[in-house]
Amino acid sequence: MDNYVAWADSGLSPALLAVNSNADYEKLCALDALGLADPATGDQSAVYDEFKEQLVRSPEGCYWKRVLLPHRAVVRRNAEITKLRVVYDASAHAQEQAPSLNDCLHAGPPLQNKLWSVVVRNRFHPVVVAGDVRGSFLQVRIRETERDALRFHWIADKTAKQVETLRFTRVVFGLAPSPFLLNGVIQQHLENLLSTYPDAVKEILKSLYVDDLLSGGPTIEKAKQLKREATEIFDDAKFELHKWHSNRKELETAWEDYEPSFAKEQLDNTPAMGECKLLGFCWEKVEDTLYVCFPATPAEQTRRGILTNLAKVYDPLGVVSPVMLEGKVLYRESCIEKNAWDALLSEETMKKKKKCERSLPEAVSVRRSIALYQEEIDEIQLHAFGDSSDRGVCAAVYAVAKQASGISQGLVTAKSRLAKQGLTIPSKTKGPLTTAQVEKCQISMFLVKRAQLQGMSHAKFDQDQEQQNLQPSGEGVLECRGRMQGEYPVYLPDSALLAEKIVQRAHVTTLHGGVGLTMARVREKFWIPRLRKLTKRIVKYCNGCKRSQAVAFPNPPPAPLSTERTKGNRTFAGPVKYHDKRKEEKKAYVVLYSCSLTRGVFLEVLLSLETTEFIKSLKRLIARRGRTSKIYSDNGQTLVAAAKWLKKVKKDERFHSYLSDQSIIWQFNLSRAP
């Protein structure tokens with residue numbers, strides 16, 4: 001597959017860019033400061049021969065005809081491979097009021113993962129694999145119509161100082177949309193190969209930070225497989241993954257593969273064995289330990305010096321949060337003195353600063369992998385802790401990893417920050433707090449003051465102030481003063497959210513008491529105008545009260561009686577055992593007739609289930625109770641035969657004229673019905 005092609009959308013119109021003069025850019029483009037050209041030829045342009053295209057003549061109607069990129073050299077002595085990098089300043093302004101090139105380009109949304117998430121996730125891989133993409137930005141081509149925005153001056157002949165104009169064909173490091181274009185290309189390429197490498201692509205999407213891959217696996221075999229598949233995936237898009245590092249030697253790039261360039265030899269900085277960095281963290285590969293280093297030189301005796309040394313500590317995981325909190329407290333104390341940035345600190349602050357610096361270690365280490373054994377992790381438990389004081393607040397999260405070979409635990413991350421001044425906190429007495437102390441600290445006076453300040457703009461505040469005789473206390477809190485001396489209730493406007501929350505809490509603490517009980521609990525400390533109306537609304541919409549006072553839906557009204565209720569039903573029960581005169585045990589059966597209209601029941605004992613016996617019983621029923629219009633019964637053989645007899649009898653009873661009008665209909669239930 002060829003390199004991907006991308007382009008950058010413009011935000012402001014390029015016509016707003018001012019014309020750049022060659023004199024200004026010759027100063028910005030003075031490449032003599034690089035000092036790292038080939039000593040044999042003195043040629044500096046060979047560095048970018050693969051990625052540049054000479055611009056012979058710019059079209060008259062060029063969209064970007066006014067743009068020329070200034071550039072400068074950036075020397076990174078601690079880098080492994082790229083010691084020298086030429087950075088193009090797309091944020092330079094030709095004139096004071098003129099926009100820069102980056103102002104005219106749309107930067108795009110951030111697509112990269114959060115660095116903190118990538119580092120924390122990697123700490124649960126017993127075997128780590130880390131690599132990055134070689135020349136990642138320069139592997140993405142720019143659409144040809146957009147290349148005129150990437151023109152720059154270049155010294156073609158160093159002796160004659162001949163300056164020519166060239167333009168880039170690839171994404172330039174320094175443009176505002178460059179990170180978006182690179183991450184967009186990589187994500188699109190990974191989505192294209194999701195069906196081919198499903199597991200590897202999902203892992204890479206979670207473990208990639210811009211062009212650095214920081215991943216791993218529970219075992220060496222799975223880490224090798226991930227490394228192999230990741231290399232194949234990026235090779236398919238002409239991206240080369242290199243500088244492989246791991247806590248296992250068999251997964252690393254061979255040391256002899258690091259061919260030092262001339263720039264490295266000039267800078268005399270070859271990486272030592274075992275030294276590496278993981279997204280900025282110092283990493284000792286042999287012991288698999290992360291280090292957080294402190295500045296070696298003491299800070300200047302100024303506010304600027306303290307803040308400078310604090311900013312030099314790179315600790316995204318919060319490993320040295322307790323130490324950093326001491327430095328932050330020291331910086332806040334220097335700010336309270338209200339001295340200038342570069343003015344000397346007071347003697348007391350200087351003593352605290354020197355004491356803090358003497359107590360600092362050179363570095364603080366933490367185990368990179370929380371899981372100790374190179375095998376699958378069965379379960380991970382997270383335990384979070386927090387604490388606060390009048391100086392600062394902090395939180396820490398520990399993980400417990402359960403594996404087949406054992407259980408290990410370690411610090412995952414921590415965070416500390418300065419506490420806001422003036423906030424009340426619980427008493428620092430030893431032992432558990434009393435109920436009075438807890439209730440006193442539950443409602444901060446800061447929230448009460450803010451609620452009262454917001455209530456002053458309410459239309460009814462003047463009326464409340466006159467009726468309740470509101471007077472400020474020594475702490476500046478409005479109280480309802482009366483003739484009785486002592487503690488006065490604190491005023492809270494009924495429109496404040498704090499008043500609503502206090503009523504809700506009082507309602508819950510009184511075990512969802514009624515309006516009167518809730519109001520009595522609130523008025524133990526606070527006075528809220530129109531409290532009854534507010535309490536009724538709170539109780540009405542209380543979910544707990546709704547559940548406990550819910551009324552079941554009423555039963556539906558009975559349906560009208562069916563016309564079929566005027567019919568009769570027939571069924572048999574038994575057998576019933578009895579003894580005759582000869583004391584022989586015999587069986588008898590009970591036939592049951594029920595009327596659907598009157599619910600009357602007629603019972604008769606029959607000596608057998610024969611049809612003739614049942615017909616005699618039916619005749620006796622008709623003679624006593626009258627003829628029924630319809631009979632319901634089951635599918636018993638006796639009843640079926642009786643129905644056939646009834647049809648036959650109807651033909652012979654012609655001397656009864658009314659039988660033709662009131663014939664009996666026999667209906668059976670469905671066969672095998674319950």
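Visitor: Which residues of helix H2 are buried?
Guide: Welcome! This is a predicted model, and helix H2 is a good place to start. The helix covers residues 115–122. Its buried residues are Leu115, Val118, Val119, Val120 and Asn122.

Visitor: What covers the buried residues of H2?
Guide: Both helices and strands take part in the cover. The helix named there is H4 (198–207). The strands include S5 (127–133), S9 (208–209), S10 (212–217), S13 (281–284) and S18 (407–418).

Visitor: Is Gly217 buried or exposed?
Guide: Gly217 lies in strand S10, one of the elements that cover the buried residues of H2. Its relative accessibility is 3%, and buried means under 20%. Gly217 therefore counts as buried.

Visitor: Which residues does Gly217 touch, not counting those up to four places away in sequence?
Guide: Let's look around this glycine. The C-alpha atoms of Gly217 and Phe124 are 8.6 Å apart, with their positions 93 residues apart along the chain. The residues that Gly217 touches are His125, Pro126, Val127 and Ala223.

Visitor: Is Gln403 buried or exposed?
Guide: Gln403 belongs to strand S17, which spans residues 392–403. Among the residues it touches are Pro126, Tyr373, Asp378 and Ser408. With a relative accessible area of 6%, against a cut-off of under 20%, Gln403 is buried.

Visitor: Which helices do the buried residues of H7 pack against?
Guide: Helix H7 runs over residues 303–312. Arg303, Gly305, Ile306, Asn309 and Leu310 are its buried residues. They pack against H8 (321–336) and H9 (347–358).

Visitor: What separates the C-alpha atoms of Thr302 and Asp342?
Guide: Thr302 sits in the loop between strand S14 (289–293) and H7, and at 5% relative accessibility it counts as buried. Leaving aside neighbours within four places in sequence, Thr302 is in contact with Trp341, Asp342, Ala343, Leu344 and Leu345. Thr302 and Asp342 are 40 residues apart along the chain. Their C-alpha atoms are separated by 5.4 Å.

Visitor: Are H14 and H15 parallel or oblique to each other?
Guide: Helix H14 covers residues 515–522 and helix H15 covers residues 531–540. Their axes are 10 Å apart, and they pack at an angle of about 120 degrees. Angles of 65 to 115 degrees count as roughly perpendicular and those over 145 as roughly antiparallel, so this value falls outside both ranges. H14 and H15 are therefore oblique.

Visitor: How many nonpolar residues does the contact of H14 with H15 have?
Guide: The crossing of these two helices is right-handed. H14 brings Val515, Thr518, Met519 and Val522, while H15 brings Leu531, Arg532, Thr535, Lys536 and Val539. By class, 2 of these are polar and 2 are charged, and the nonpolar residues number 5.

Visitor: At what angle do H13 and H15 pack?
Guide: H15 also packs with helix H13, residues 497–509. H13 passes H15 in a right-handed crossing, and their axes are 10 Å apart. The packing angle is about 65 degrees.

Visitor: How many charged residues are in the contact of H13 with H15?
Guide: From H13 come Ala499, Glu500, Val503, Gln504 and His507. They meet Leu531, Leu534, Thr535, Arg537, Ile538 and Val539 in H15. These residues divide into 6 nonpolar and 3 polar, and the charged ones number 2.

Visitor: What is the phi of Lys238?
Guide: Lys238 is found in the loop between helix H5 (220–235) and strand S11 (241–246). With a relative accessible area of 43%, Lys238 is partly exposed. Although it is not a glycine, its phi is positive, at about 65 degrees.

Visitor: Where does Asn469 lie?
Guide: Asn469 has a positive phi near 55 degrees and is a residue other than glycine. At 34% relative accessibility, Asn469 counts as partly exposed. It lies in the loop between helix H12 (461–468) and strand S19 (470–472).

Visitor: How many helices and strands does the chain have?
Guide: Let's end with the whole chain. Of its 674 residues, 39% count as buried, and the chain exposes about 41,200 Å². Its secondary structure comes to 18 helices and 27 strands.

Note on methods
Residues numbered from 1 in each chain as written. Predicted model: local features only at pLDDT ≥ 70, side-chain atom pairs only at ≥ 80, totals over all residues. Heavy atoms only, no water. Helix = DSSP H or I, 4+ residues; strand = E, 2+ residues; numbered from the N terminus. Buried < 20%, exposed > 50% of the residue type's maximum accessible area, 1.4 Å probe, protein only. Areas by Shrake-Rupley, 256 points an atom, 1.4 Å probe, with all protein chains shown as cover. Axes fitted to C-alpha atoms, helices over the stretch in contact; angles between N-to-C directions. Parallel < 35°, antiparallel > 145°, perpendicular 65-115°, else oblique. Left-handed = near helix turned anticlockwise from the far one by under 90°. Contact = heavy atoms within 4.5 Å. Nonpolar A, V, L, I, M, F, W, Y, C, P; charged D, E, K, R; others polar.
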